[in-house]
Amino acid sequence: MMEEKKFKNYSDQEFKEALRATLNLKKEWMASVAQREKELGIQ
Amino acid sequence: MRLSADRINRKSPYWVIQLDELTFRFVTKNGILYRVGFYQDRFFLGSRAYHFFIANDSEASAPKDGDVFRVITCVLEEFFRQDASVMLYICDPHDHREAIRDSLYKRWFNGYTHKRRLTLETAEINFDNYIVYTGMILRNDHPEYDELLTAYREFVQRASSLYQIQPK
């Protein structure tokens, strides 16, 4: 089964929550980049 | 998936430093630090799709610099070296410049020398009082091209049933 079809199984509420979470992914990405730079000792 | 800073730096006007498999940083001649990378999708298209992000450390809008555009082209070319690559983007609305970002993606795509190899599918989602500009880019020879395009369109349709959406 194709993984990309998984949103089809979401309820409306789950879909909206997933959309909101997706809109926050940039913040999550930036936090992960900051953490990685810290690990590498890069400012 | 692991992208290569070595390959990017062969063509990039700015020296790119690799932070991890999918993330890079570079500093422009104006001293603006950019971070650019891909982040795996978890919610809609699954592990084979990656969100593309770019951020700079300038609080004001960064000065116009065509070389930034060229670096981005090098990074995206590296990403699309693999036929199974799927890139998603959502234009950051935090400073109300999302429409400008969306037009930059389209400008990049339309000006890209090898755009015939790629497909860009875009949509605008009217989400809680603001518009979210989003898009998907994939190679035309992606092994699951039809399925992914259908999945993206189904996602857009589904969102349109929950929000007002304007597919393009």
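Let's start where the two helices meet. A:Asp12, A:Phe15, A:Lys16 and A:Leu19 in α1(A) meet B:Arg158, B:Ala159 and B:Leu162 in α4(B). Meeting here is contact: C-beta atoms, placed from the backbone, within 7 Å. Helices are DSSP runs of H or I with at least four residues, strands are runs of E with at least two, and both are numbered from the N terminus. By class, this contact of α1(A) with α4(B) has 4 nonpolar, no polar and 3 charged residues. Nonpolar covers Ala, Val, Leu, Ile, Met, Phe, Trp, Tyr, Cys and Pro; charged covers Asp, Glu, Lys and Arg; the others, Gly among them, are polar.

A word on the model. It is predicted, so local features need pLDDT of at least 70, side-chain atom pairs count only at pLDDT 80 or more, and totals for chains, interfaces and linings use all residues. Residues are numbered from 1 along each chain as its sequence is written, while chains are lettered from A and ligands numbered from 1 in the order in which they are written.

How confident is the predictor? pLDDT is its confidence in each residue, from 0 to 100. Chain B has a mean pLDDT of 87, and 95% of its residues reach 70 or more. The model scores ipTM 0.86 and pTM 0.89. Where pLDDT is low, the predicted coordinates should not be read in detail.

Back to the helices. α1 of chain A spans residues 12–23, and α4 of chain B spans residues 145–162. They pack at an angle of about 110°, with axes 11 Å apart. The axes are lines fitted to C-alpha atoms, for helices over the stretch in contact, and angles between N-to-C directions run from 0 to 180 degrees. So α1(A) is roughly perpendicular to α4(B). The classes are: under 35 degrees roughly parallel, over 145 roughly antiparallel, 65 to 115 roughly perpendicular, the rest oblique.

Now the whole interface. 25 residues of chain B are in contact with 22 residues of chain A. On the chain B side, β1 (17–20), β3 (33–40), β4 (49–56) and α4 each supply at least two residues. Which element gives the most? That is α4(B), with 7 residues. The chain B side divides into 14 nonpolar, 5 polar and 6 charged residues.

Chain A next. It has 2 helices and 0 strands. Of its 43 residues, 12% are buried. Buried needs 20 or more other C-beta atoms within 10 Å of the residue's own; exposed is 12 or fewer; partly exposed is in between; C-beta atoms are placed from the backbone.

On to the core. The largest nonpolar core has 46 residues. Such a core is a set of buried Ala, Val, Leu, Ile, Met, Phe, Trp, Tyr and Cys residues joined through C-beta atoms within 7 Å. B:Tyr50, B:Val75, B:Val86, B:Met87 and B:Leu88 touch the most other members.

Take B:Met87. It sits in strand β5 (residues 86–90) of chain B. It is buried, because 21 other C-beta atoms lie within 10 Å. Beyond four places in sequence, its contacts are B:Tyr50, B:Phe52, B:Phe79, B:Met136 and B:Ile137. B:Leu120 is 33 residues away in sequence, with 9.5 Å between the C-alpha atoms of the pair.

B:Val132 is in strand β7 (residues 130–139) of chain B. Is B:Val132 buried or exposed? Buried, with 22 C-beta neighbours inside 10 Å. Its contacts beyond four places include A:Leu23, in chain A, and B:Ile90.

Last, B:Met1. It lies in the segment before α1 (5–11) of chain B. It counts as partly exposed, with 13 C-beta neighbours inside 10 Å. Beyond four places, B:Met1 is in contact with B:Glu21, B:Leu22 and B:Gln82.

Definitions and conventions. pLDDT = per-residue confidence, 0-100.
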